[in-house]
Amino acid sequence: QKYGVNELRKMFLEFFESKEHLAMKSFSLVPRNDKSLLLINSGMAPLKPYFTGAEIPPRRRVTTCQKCIRTGDIENVGKTARHGTFFEMLGNFSFGDYFKREAIAWSWEFLTEVVGLDPQRLYPSIYEEDEEAFEIWNKEMGIPAERIFRFGKADNFWEHGAGPCGPCSEIYYDRGEKYGCGSPDCTVGCECDRYMEIWNNVFTQFESDGEGNYTELVQKNIDTGMGLERLASVVQDVDSIFDVDTLCALRTKVCELAHTEYKKDAAKDVSIRLITDHIRSATFMISDGIMPTNEGRGYVLRRLIRRAARHGRLLGIEGKFLAELSAVVIEGSKDGYPELEEKKDFIFQVLTKEEEQFNKTIDQGLNILSEMEAAMKAEGKTELSGEAAFKLYDTYGFPLDLTKEILEEKGCTIDEAGFKAAMDEQREKARIARSTTNYMGADATVYDEIDVNVTTEFVGYDSLTCTSKI
Ligand code: ATP
Ligand code: MG
Ligand code: MG
Ligand code: MG
């Protein structure tokens, strides 16, 4: 009995509707009246006004499947089995209505009875001082004490500065030894992909003054989040979120375009997963009205598109391919997000235009580089200055590794320390300019790292060998 992603989304919402929740449509990825957040990164984020009391919720019990983007996870994408920059978060919320007992019981009922996961593979974790949650798991759900993991503040206490906060209880699924890191200490909480966190239940019960003083809230809230792709990966018993039905269709298309097969070459697989993820992010972002630009959300989108395009080239895909992939994203997700189908042509246009521009960037960069080479020759130098390499990278968007490779072919080098110094200086300026407050990992500056990381081992646009670290 295997449920598809679209089916699981429905099952979750219907389950909580049966518990008197109001099922609300996913909010846009663009936060509304919230300057602290670049992009919506959890089910709770767009509901903040209901939690703070700034707005009255349409019902005290709400359930959603929320589109999320986590820029902070970009370094993990392609490398772990469980992270995407885009994912869907299933959630049930209580605004001063039910609390721990119901939240825990329903999460257990949904996982073990509705989707039928093996209870022996599930492990709850609690905040070490949350005896109330322990009692519920232990006495009411019947989970033996040794299967309940206690973690400290860093892992199981949700808190962001002053304001409402509280302990969490997360649910992990043991995917089996073959996914483990092999360490004798590997257990729930290990960063490897064996014990995968699937669901986080946040019990907002305190008000923090930001100085270590907590008072019990009169109106206690429940905020939960479960990654739909992660849930699907354990229900379907597949290797990663990139193997669940909808994402598998997408990565199969990537392979088809690249005339390659998945699981033949580890480095290529990283590129395949990365493209699979980034095209989902890009498709959903454009459908929510974000356009590729040089700042803020638009900058995030531009980087994701270009990074996908570049990895396409690394895989040897010739010509434009992003719109074709986007069509597969839309086909797989239109069930839950009809706006994708409505905005299809527009999405394709934006992707294609950005891809063309990126290709032009590459061509333009090649011209500028040959001028720089001529100047070097005239001066009798064999090393390109860090500043020049940085200008190519920063002004023309030309990747460093490509510059390096071209120069190497001619027996020349780059002053890499100089490049790094110029980069650091620029990054500091950008950091100050873009001093948007970070909130729950929404950090645009993470994109400053991308090009550097992704380009260090580039081996050429004509080459089929992919050695990128990401
Ligand atoms: P992890 O520790 O695995 O990075 P997390 O603790 O950062 O996950 P939460 O912030 O608790 O995740 O989010 C709630 C749920 O959302 C997680 O339990 C997981 O199922 C899902 N989730 C979080 N980040 C991602 C991601 N990058 N890709 C897919 N699903 C995610
Ligand atoms: Mg995380
Ligand atoms: Mg976690
Ligand atoms: Mg968590």
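Helices here are DSSP runs of H or I with at least four residues, strands are runs of E with at least two, and both are numbered from the N terminus. With that settled, E261 has its place in the loop between α7 and α8. I will come back to that loop after the helices on either side of it.

First, the status of what you are looking at. This is a predicted model. The average pLDDT for the protein is 90, and 92% of the residues score at least 70. The stretch to treat separately is residues 437–470, where the pLDDT is below 50, although in the model this stretch still has 82 contacts beyond near neighbours in sequence. For the complex, the predictor gives an ipTM of 0.99 and a pTM of 0.85.

Now the helix packing. Two packed helices are described by the angle between their axes and the distance between the axes. I have three pairs to go through.

Start with α7, residues 245–258, and α10, residues 322–333. Their axes are 9 Å apart, and the packing angle is about 165 degrees. Angles over 145 degrees count as roughly antiparallel, so α7 and α10 are roughly antiparallel to each other. Their crossing is right-handed. On the α7 side the contact uses T246, A249, L250, K253, V254 and L257; on the α10 side, E324, L325, V328, V329, G332 and S333. By class, that contact divides into 7 nonpolar, 3 polar and 2 charged residues.

Next, how do α8 and α10 lie relative to each other? The angle between them is about 80 degrees, with the axes 9 Å apart. The range from 65 to 115 degrees counts as roughly perpendicular, and α8 and α10 are therefore roughly perpendicular. From α8 the contact takes I279, R280 and T283, and from α10 it takes L322, L325, S326, V329 and I330. The classes in the contact of α8 with α10 are 5 nonpolar, 2 polar and 1 charged.

One residue is worth following through both of these contacts. V329 sits in helix α10, and it is listed in the contact with α7 and in the contact with α8. Is V329 buried or exposed? There are 26 other C-beta atoms within 10 Å of V329, and 20 or more make a residue buried, so V329 is buried. Leaving out residues up to four places away in sequence, V329 touches L250, I279, R280 and T283. Of these, T283 is 46 residues from V329 along the chain, and their C-alpha atoms are separated by 7.4 Å.

The third pair is α8, residues 266–287, with α9, residues 296–314. The packing angle here is about 145 degrees and the axes are 9 Å apart. The crossing of α8 and α9 is left-handed. In this contact S271, L274, I275, H278, I279, S281, A282 and M285 of α8 meet L301, L304, I305, R307, A308, H311, G312 and L314 of α9. Those residues divide into 10 nonpolar, 5 polar and 1 charged. Note that I279 of α8 appears here and again in the contact with α10.

Back to the loop between α7 and α8, starting with E261. E261 has 13 C-beta neighbours inside 10 Å, which means that it counts as partly exposed. Its C-alpha atom lies 9.6 Å from that of I272, and the two residues are 11 apart along the chain. K263 is in the loop between α7 and α8 as well. K263 counts as exposed because it has 10 C-beta neighbours inside 10 Å, and the limit for exposed is 12 or fewer.

The backbone at K263 deserves a look. Most residues other than glycine have a negative phi. K263 has a positive phi, near 70 degrees. Where else is there a positive phi in a residue other than glycine? E20 is one such place, with phi near 65 degrees. E20 lies in the loop between α1, residues 5–18, and β1, residues 22–24. With 12 C-beta neighbours inside 10 Å, E20 counts as exposed.

Last, D155, which is in helix α5, residues 153–156. D155 counts as partly exposed because it has 15 C-beta neighbours inside 10 Å. D155 is 45 residues from N200 in sequence, and the distance between their C-alpha atoms is 11 Å.

Note on methods
Residues numbered from 1 in each chain as written. Chains lettered and ligands numbered in written order. Predicted model: local features only at pLDDT ≥ 70, side-chain atom pairs only at ≥ 80, totals over all residues. pLDDT = per-residue confidence, 0-100. Contact = placed C-beta atoms within 7 Å. Axes fitted to C-alpha atoms, helices over the stretch in contact; angles between N-to-C directions. Parallel < 35°, antiparallel > 145°, perpendicular 65-115°, else oblique. Left-handed = near helix turned anticlockwise from the far one by under 90°. Nonpolar A, V, L, I, M, F, W, Y, C, P; charged D, E, K, R; others polar.
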